[in-house]
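Visitor: I am new to this structure and should be grateful for a close look at a single part of it, namely the aromatic rings. Please describe them in one connected account.

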Amino acid sequence: MSIARSASSLQLARETRERFVLATEGAIVPLARAIRDRLTQLASEVGSARAMQEHRDDFVAFQGNASQWVSLAQTGWRKALGESGASGFHTSTSHTQMLRLELIGDEVVESNILSSRLAQMIHDRASFELSDLRLRIQHLEGTSELDGKDVLKPETLAKLLVEQWLAAGLSRQLWTRVQDTVQAQLVDVVAKAYEDANTHLVAHGVMPEIDLKSFVRRTGGAASGGATGPGAPGAAQPGGHVAPAGAAGATASVPGTFQRGGGGAPAGGSPLATARQRAQTALLNLKRFVTGRIGGDTGNSTQPASSIGVDGRGSAGGVDFGAPRPFSRTFAGAIADAEAAYRAAATQYLEAAGEQATMIQQSAVDLRRRSTELKKRAPTTADKATVEIVALMFQAILAEERIPFSARVWFARLQMPVLRVAIAEPEFFGTLQHPARMLIDRMGSCVMGFDAAAISGSALENEIKRVVQVIEQYPETGQRVFKLVFDEFVAFLNRYLTQSDTAQRVMSVAQQVEQKETMAIQYTIELRKMLNDMPVRDEIREFLFKVWAEVLAIAALRYGGQDEQTVTLKRAASELVWAASAKPSRTDRARVIQDLPQLLQRLRQGMALLGIVGEPQEAYIKTIGATLSDAFMLKTEAIPQAKIEAMAERLAHLEDFVSDSGGDADLPLDATNIELLLGVDASTIEVVADTAGARATEDMLAWANELQVGTWFMLDHNDRVSQVQFVWRSDRKQLHLFASADGRSFLIQAGRLASYLQAGLLVPAEEETLTVRATREALAKLDANPERLLN
């Protein structure tokens with residue numbers, strides 16, 4: 001329900017939107033310049049003829065329409081400002097529109113997918129600032145929610161940019177190819193605009209501190225019975241979601257605050273988006289908890305609560321989750337001393353002969369004691385809180401029994417380096433993309449699927465050891481050293497997980513099959529183009545499209561596109577087309593009779609290369625022979641020799657006309673193909689090929705493409721559940737390899753993989769990453785015992 005607001009409040013909300021639109025509008029011209037630079041770079045790169053032509057076409061298309069796109073986008077963005085009102089009319093109108101049922105065209109859906117990806121990136125980068133700004137604007141305007149078309153919503157800007165892109169005559173395919181550049185240029189600008197908008201409102205006295213209690217939506221029984229607090233079973237979440245009983249693990253509660261963001265993704269969101277939103281909510285809840293405790297604890301804080309904003313930004317007493325804080329040299333020295341002492345103790349734990357459980361317990365107690373000592377020496381309440389939170393997170397990691405003992409000890413040695421980074425760079429608590437989090441999560445996702453015997457003394461354990469030691473050697477480099485070793489660890493995983501003979505063999509086979517099938521598809525397309533305006537019998541067309549394209553592909557794969565054997569088989573295609581055409585001339589008929597034995601011999605050789613022998617081969621030869629005999633009596637016009645020569649020339653250089661990527665074309669694949677085409681035993685390879693008619697959603701296909709090498713899954717295939725590790729993805733992202741502990745390999749095509757994810761037949765072994773789970777457990781302990789944060 002809308003509440004009447006003064007004209008000055010509405011005017012301030014209007015000014016805030018105008019400032020936001022002005023800031024983001026200024027990014028459109030630099031964005032167009034960055035896209036042009038990117039396309040110029042691609043156009044200058046050397047590649048296949050098809051790729052180079054596409055890059056040139058992209059550059060020309062954008063060069064001709066860029067100014068129009070910029071103009072349309074700027075005009076549309078300013079116009080969108082006028083549609084963002086400050087009354088309840090828009091909310092009710094938006095609600096009415098949501099109740100209408102309409103048929104949506106495929107093109108609209110595709111455009112919405114493109115814009116939603118950009119909007120999601122903005123959400124991920126600026127979730128805190130956007131959430132605070134939304135509450136402040138709602139407070140000014142007396143509304144319960146922003147209008148669906150409000151310019152402050154990331155979806156509005158993202159949708160406008162895509163719509164005007166298409167209106168300017170640019171294609172969706174081109175947007176897809178430059179969307180990384182768009183995101184890189186735009187996301188930070190929009191995030192900064194949100195931050196500036198919040199600063200502007202706070203400067204005008206609008207909710208310097210956001211009291212989230214007033215935003216709690218009670219359930220129906222809350223009025224008559226006891227109040228249902230946020231996070232309690234049945235508590236209403238933002239947007240109308242209700243947390244089910246027993247869902248404490250999904251949305252940890254925060255005393256005296258409201259959990260913004262909810263515990264799940266919006267209706268229709270993918271599991272990947274759901275997991276990301278839940279993880280981001282956990283970080284947001286932690287931020288709110290710490291800000292609330294420090295802001296209200298004037299006895300221990302070095303600055304008054306009134307000076308700490310909703311983001312916890314202040315000098316000494318608040319926790320700034322955005323900008324770096326000064327780092328006391330004395331305190332840095334204390335952390336270094338604690339790190340060195342635990343490093344020596346950890347070596348003893350690894351070399352001790354006692355029970356591993358006892359060693360882990362001793363390690364945890366040792367770390368807890370050193371953390372308590374550091375809290376006493378922390379110069380500010382913010383530092384005390386950071387020490388406690390990091391200590392609780394690593395307590396949870398040390399208690400994770402699925403991580404082998406030796407790996408847990410190495411993980412524990414990261415506590416002090418992470419503490420140093422968390423104090424200097426508080427964004428560690430506010431983003432899932434911090435290199436320190438990403439490194440711990442990736443290492444954790446790998447080791448939790450192995451038993452202790454498989455890890456101990458392995459190359460994986462040695463790599464984890466090396467990573468930790470490198471981080472310890474460069475304590476002053478902050479997150480840069482974490483980013484460096486993260487990239488190195490990912491590169492190591494790509495080698496380590498595929499180093500076995502079985503994996504190498506499967507990868508080699510998969511790559512060749514993918515290349516062969518992709519080339520066959522492309523060759524078929526090119527053959528269709530060549531024969532499009534030629535009078536060729538259907539029997540010959542079918543043979544060339546279904547058989548000979550495969551022959552050319554396997555020959556090019558085995559021998560090379562310009563090898564003599566491949567060139568001979570290419571020439572056979574043009575000779576067959578000419579031989580099967582009308583032969584009104586006696587000279588032409590004599591030539592066909594003279595060359596026929598050699599032509600049939602080449603056709604037999606090609607089919608044998610493909611594995612077509614015996615009766616199937618004889619059936620093709622019989623059909624071709626009958627067609628050639630009929631050609632002698634045809635009265636139709638003969639194919640000009642110039643066309644045959646042009647076809648032969650194009651076939652000779654066929655590789656120049658096909659792209660390097662398979663695109664979205666179907667990729668036929670089965671175990672028989674692997675054995676017959678490449679001569680490899682496929683008994684240990686479980687081939688899970690795409691099925692006809694089965695199509696997964698775009699969200700699931702995107703999820704399949706984002707799977708991280710090293711992650712463990714539970715695979716339900718043919719009524720048998722196996723724990724598998726994702727070890728490899730082919731260059732064209734068509735094939736994905738999963739390995740189980742018993743030596744079996746599962747080669748799954750992209751479409752089928754997305755279908756398995758969608759149907760729940762392939763489920764991540766861990767619902768959330770190691771650091772997010774550790775954050776939830778730390779928050780649960782702080783929730784139960786808030787005093788420990790600063791005591």
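**The aromatic rings and their surroundings**

Guide: In this predicted model, the charged group of Arg591 is placed over the face of Trp578, 4.1 Å from the ring centre. A second arrangement of this kind involves Arg437, which lies over the face of Phe428 at 4.8 Å from the ring centre.

Phe428 also takes part in a ring pair. Its partner is Phe429, and the two rings meet edge-to-face, with 5.3 Å from centre to centre and 75° between the planes. Phe428 has a relative accessibility of 2%, and because the limit for a buried residue is under 20%, Phe428 counts as buried. Phe429 likewise counts as buried, at 2% relative accessibility.

The pairing of rings deserves a wider view. A pair of aromatic rings is described by the distance of the centres and the angle of the planes. The count for this model comes to 12 aromatic pairs. One of them joins Trp69 and Trp165, which are edge-to-face, with 5.2 Å between the centres and 80° between the planes. Trp69 belongs to helix H3 (residues 49-83) and Trp165 to helix H7 (residues 154-167), so this pair ties together parts that lie 96 residues apart in sequence. Trp69 and Trp165 are both buried. Ring pairs also draw these two residues into a cluster, whose members are Phe62, Trp69, Trp165 and Trp175.

The setting of these rings is the protein chain as a whole. Its secondary structure comprises 28 helices and six strands. Of the 791 residues in the chain, 50% are buried. Among contacts between residues at least 6 apart in sequence, 73% join residues that are at least 24 apart.

The outside of the chain may be set beside these buried rings. The accessible surface of the protein chain is about 35800 Å², and 53% of that surface belongs to carbon and sulfur atoms. Met714, Val721 and Val763 make a nonpolar surface patch of about 230 Å². Within this patch, Val721 has its place in strand E3 (residues 720-729). The relative accessible area of Val721 is 55%, and therefore Val721 is exposed, since the cut-off for an exposed residue is over 50%.

To return to the rings: Phe428 is paired edge-to-face with Phe429 and has Arg437 over its face, while Trp69 and Trp165 form their own edge-to-face pair within the cluster that includes Phe62 and Trp175.

Terms used:
Residues are numbered from 1 along each chain as its sequence is written. This is a predicted model: local features need pLDDT of at least 70, side-chain atom pairs count only at pLDDT 80 or more; totals for chains, interfaces and linings use all residues. Side-chain values use heavy atoms; hydrogens and water are left out. Rings of Phe, Tyr and Trp (its six-membered ring) pair if their centres lie within 6.5 Å; planes under 30 degrees apart count as stacked, over 60 as edge-to-face and the rest as tilted. Helices (H or I, at least four residues) and strands (E, at least two) are DSSP runs, numbered from the N terminus. Buried means under 20% relative accessible area, exposed over 50%, partly exposed in between (1.4 Å probe, protein chains only). A charge sits over a ring if NZ of Lys or CZ of Arg is within 6 Å of the ring centre and within 35 degrees of the ring normal. Patches are made of residues with over 30% relative accessible area and no salt bridge: like charges are joined within 9 Å, nonpolar side chains (Val, Leu, Ile, Met, Phe, Trp, Tyr) within 5 Å. Accessible areas come from the Shrake-Rupley method with a 1.4 Å probe; for residues, only the protein chains shown count as cover. A salt bridge is a side-chain nitrogen of Lys or Arg within 4 Å of a carboxyl oxygen of Asp or Glu. Contact means heavy atoms within 4.5 Å.
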